[in-house]
Amino acid sequence: MLHSVVCPSVGHAIVHHFGEGAAVWGQVITPSIAHLLQSESELPIDFSRVRPGIVFEVETTGALLPHVIDASTLRVHVGTAAFRHAAGRADATVEAVVRIDVGGGCMLKVWGRATAETPAPQEPAGLREPAPTTPVIFKVTFWEISRANDARFDQLLCETAKKDREIRELRAQVALAMCSQ
């Protein structure tokens, strides 16, 4: 069974067809991927934390106002508290993943490293609250458009429910056959 993703292009849309389990991927932000990223006003972003005492932890927040700067750089605004919690320091670099539902049961995932655009100057305690969002530079390492896990999970649930229904019907028929004997 073929699945497709429609990506806008100059003048007309391009439809990419790919089979189950296959994916469209790349390491450079193409115009189509840039359009998908910038068409959303808020993107979910996961920051990963791996430090001494923390085996692995993910901090999820919204990335606002995505803007593609060049073929490997994206600028977004993220929640200051979430970024500081994930990074530990204002000038730290954090591994991150941006996810976008592109329709047709497909998901665009963009992996990279996020760093605060300009580290906030150290303020004396109590003088000023930090800004609610922090501008972050996201350097893209890899992107992929693939079937969304939720779509696969929903499909498996439907198939399982169908098989369970068939088994119940067969058991009922066997029970009826045994009663008539």
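Okay, one definition before anything else: when I say buried I mean under 20% relative accessible area, exposed is over 50%, and partly exposed is in between. Glutamate 117, for instance, comes out at 32%, so I'll be calling that residue partly exposed. And keep in mind that what's on the screen is a predicted model.

Right, the overall layout. We've got 181 residues, and 32% of them are buried. The protein has three helices and nine strands. If you walk along from the N terminus, the order goes β-β-β-α-β-β-β-α-β-β-β-α. Take the contacts between residues at least 6 apart in sequence: 59% of those join residues at least 24 apart. As for the outside, about 11,400 Å² is exposed, with carbon and sulfur atoms supplying 58% of that area.

Now, salt bridges. How many does the structure hold? Three. And the background here is simple enough: side chains of opposite charge can pair when their charged atoms come close.

Let me start with aspartate 46 and arginine 99, whose side chains meet at 3.0 Å, N to O. That one links distant parts of the chain, since aspartate 46 sits in strand β4, residues 42-51, and arginine 99 in strand β7, residues 93-103, with their positions 53 residues apart in sequence. Aspartate 46 is at 16% relative accessibility, so it counts as buried, while arginine 99 has 26% and is partly exposed.

Next up is our glutamate 117 again. Its partner is arginine 75, and the closest N and O atoms are 2.7 Å apart. Here too the pair links distant parts of the chain: arginine 75 is in strand β6, residues 73-79, glutamate 117 is in the loop between β8 and β9, and they're 42 residues apart. Arginine 75 is partly exposed, at 26%.

Then there's arginine 113 with glutamate 95, at 2.1 Å, N to O. Arginine 113 is in β8 and glutamate 95 in β7, so this bridge ties together parts that are 18 residues apart in sequence. Arginine 113 has 40% relative accessibility and counts as partly exposed; glutamate 95, at 38%, is partly exposed as well.

Okay, let's go inside. Is valine 110 buried or exposed? Buried, because its relative accessible area is 2%, which falls under the 20% cut-off. Valine 110 belongs to strand β8, residues 106-116. Leaving out neighbours within four places in sequence, its contacts include Leu37, Val98, Phe138 and Trp143. Have a look at threonine 141 as well: its C-alpha is 7.6 Å from that of valine 110, with the two 31 residues apart in sequence.

Threonine 61, over in strand β5, residues 54-70, is buried too, at 19%. Not counting residues up to four places away, threonine 61 touches Leu43, Pro44, Ile45, Phe47, Val78, Gly79 and Ala82.

Last stop, the surface. Lys162, Lys163, Arg165 and Arg168 gather there in a patch of positive charge. Lysine 163 is in helix α3, residues 149-180, and is exposed at 51%.

And over in helix α1, residues 31-38, there's proline 31. Proline 31 is exposed, with a relative accessible area of 71%. Its C-alpha lies 8.8 Å from the C-alpha of alanine 71, and those two are 40 residues apart along the chain.

That's my tour. Questions?

Conventions: Residues numbered from 1 in each chain as written. Predicted model: local features only at pLDDT ≥ 70, side-chain atom pairs only at ≥ 80, totals over all residues. Heavy atoms only, no water. Helix = DSSP H or I, 4+ residues; strand = E, 2+ residues; numbered from the N terminus. Buried < 20%, exposed > 50% of the residue type's maximum accessible area, 1.4 Å probe, protein only. Contact = heavy atoms within 4.5 Å. Patch = residues over 30% accessible without salt bridge, like charges linked within 9 Å, V, L, I, M, F, W, Y side chains within 5 Å. Areas by Shrake-Rupley, 256 points an atom, 1.4 Å probe, with all protein chains shown as cover. Salt bridge = Lys/Arg side-chain N within 4 Å of Asp/Glu carboxyl O. Lys, Arg positive; Asp, Glu negative; His and termini not counted. Charge placed at Lys NZ, Arg CZ, Asp CG, Glu CD.
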